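Here is an informal walk through one protein model, for someone who would rather look at side chains than at summary statistics. Have the viewer open as you read.

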Amino acid sequence: MILITGATGTIGSHVVRLLSEQGVPFRAMTRRAHPGRVQADFEDPASLERALAGVDTVFLVTVPPQPTADHDLALVNAARAAGVRKIVKLSAIGSGEVFGGQTIGAWHVAAEEAIEAGGFAWTMLRPPSFASNLLPHRALILAGKPVPNLAGDARQAVIDPRDVAAVAVAALTGDAHDGQRYDLTGPELLTFADQASILGRVLGRTVRITDDNDILSRLPAEVVTGIDWARAGGAAYLTDHVRRILGRPAGTFEQWVRDHRAAFAGTP
């Protein structure tokens, strides 16, 4: 039995879909009650115990409101008590790098170290920016208003969330990827301006961008450090991990846009 945390999120929803298509037994965990899913909260140990009963493998995704390893560690501790064998964790590119005297993704590193120390089989997935990060800006795009650019002129290997999910499923359902850290990148390096240009070309409309330091000023310092690292070019590299694991190239940003063109249709 596989437990999927973050089952309704950007990656978890695709993991659920792929496991369903493959007929693999799994249990989807969500914080709010939902038919067909197990309700559990990282801050409620009893609920985690119920969610983990009879589980062999966990896909661990946490998105706390402030950067902290607390939710990951709560799951790790509960998983150890429940006899879970394997954890596949969604981490982030650059975690553990030092930039400006600060550790990038320190909360991810703390969780990764706890998983390793816990005696689990493990796989760490470290993607960069998701192609789907433009979806929250749909209303601005449809209204012709500029989209905030936090990446500056930096290039990143933007990845299709579906590829991250496919790699996660490969790691969850087999042992070939145990003990591996994968930097999962898309096939090309793009600036945010490049993404806006591609999106605009596919949609047949101009997609404008604007630098927005006001947003940066409202983000936690730990998040800003990671953004600054990427803006300085830290994430400007490609890997062949997706190709090696899935036996095919990673999907392009343009293909993701074409597949999700309907999401940007209509009115704001």
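Which residues of strand E4 (residues 57–60) are buried on one side, and which on the other? Thr57 and Phe59 are buried on one side of E4, and Val58 and Leu60 are buried on the other, so to speak a strand with both faces covered.

## Ground rules

This is a predicted model, where local features need pLDDT of at least 70 and side-chain atom pairs count only at pLDDT 80 or more, while totals for chains, interfaces and linings use all residues. Residues are numbered from 1 along each chain as its sequence is written, and side-chain values use heavy atoms, with hydrogens and water left out.

"Buried" here means under 20% relative accessible area, "exposed" means over 50%, and "partly exposed" is in between (1.4 Å probe, protein chains only). Helices (H or I, at least four residues) and strands (E, at least two) are DSSP runs, numbered from the N terminus.

## Strand E4 and its neighbours

Back to E4. Strands count as paired if DSSP finds at least two bridges between them. Strand E1 (residues 2–4) runs parallel to E4, and three bridges join them. Ile4 is the residue standing opposite Phe59 of E4.

E4 also pairs with strand E5 (residues 86–90), again in the parallel sense, over four bridges. Here Val58 has Ile87 of E5 as its bridge partner. Put helix H3 (residues 70–82) between E4 and E5 and you have a right-handed β-α-β unit (right-handed: with the strands pointing away from the viewer, the path from the first strand over the helix to the second runs clockwise).

## Helix H7

Now find helix H7 (residues 192–203). Its 12 residues reach 16 Å from the first C-alpha to the last, close to the 16 Å expected at 1.5 Å a residue (the expected span is 1.5 Å times one less than the number of residues). Just after H7 comes Gly204, with a positive phi near 75°.

Which residues of H7 are buried? They are Phe192, Gln195, Ala196, Ile198, Leu199, Gly200, Val202 and Leu203. Their cover includes helix H5 (138–142), strand E9 (147–149), strand E11 (209–211) and H11, with contact taken as heavy atoms within 4.5 Å.

## An aromatic cluster

Rings of Phe, Tyr and Trp (its six-membered ring) pair if their centres lie within 6.5 Å; planes under 30 degrees apart are stacked, over 60 edge-to-face, and the rest tilted. By this rule there are two aromatic pairs. Phe253 and Trp256 make a stacked pair, because their ring centres are 6.3 Å apart and their planes sit at 20°. The two residues are three apart in helix H11 (residues 253–259), which means about one helical turn separates them.

Both Phe253 and Trp256 are buried. Trp256 also pairs with Phe264: the centres are 6.4 Å apart and the planes at 75°, so this pair is edge-to-face. Trp256 has 2% relative accessibility and counts as buried, and Phe264 is buried with a relative accessible area of 2%. Together, the ring pairs link Phe253, Trp256 and Phe264 into a cluster.

## Salt bridges

Side chains of opposite charge can pair when their charged atoms come close. The rule used here asks for a side-chain nitrogen of Lys or Arg within 4 Å of a carboxyl oxygen of Asp or Glu, and a search of the whole structure finds 16 such salt bridges. One of them joins Asp259 and Arg162 (2.9 Å, N to O). Asp259 is in helix H11 and Arg162 in helix H6 (residues 161–173), so to find the pair you look at parts 97 residues apart in the chain. Asp259 is partly exposed at 41% relative accessible area, and Arg162 is partly exposed at 23%.

Asp163 and Arg248 form another salt bridge (2.8 Å, N to O). Asp163 lies in helix H6 and Arg248 in the loop between helix H10 (241–246) and H11, so the pair ties together parts 85 residues apart in sequence. Asp163 is buried at 3%, whereas Arg248 is partly exposed at 33%. Arg201 and Glu254 also form a salt bridge, with their closest N and O atoms 2.7 Å apart; Arg201 belongs to H7 and Glu254 to H11, so parts 53 residues apart in sequence are tied together. Finally, a network of salt bridges links Asp56, Arg85, Lys86, Asp175 and Asp178.
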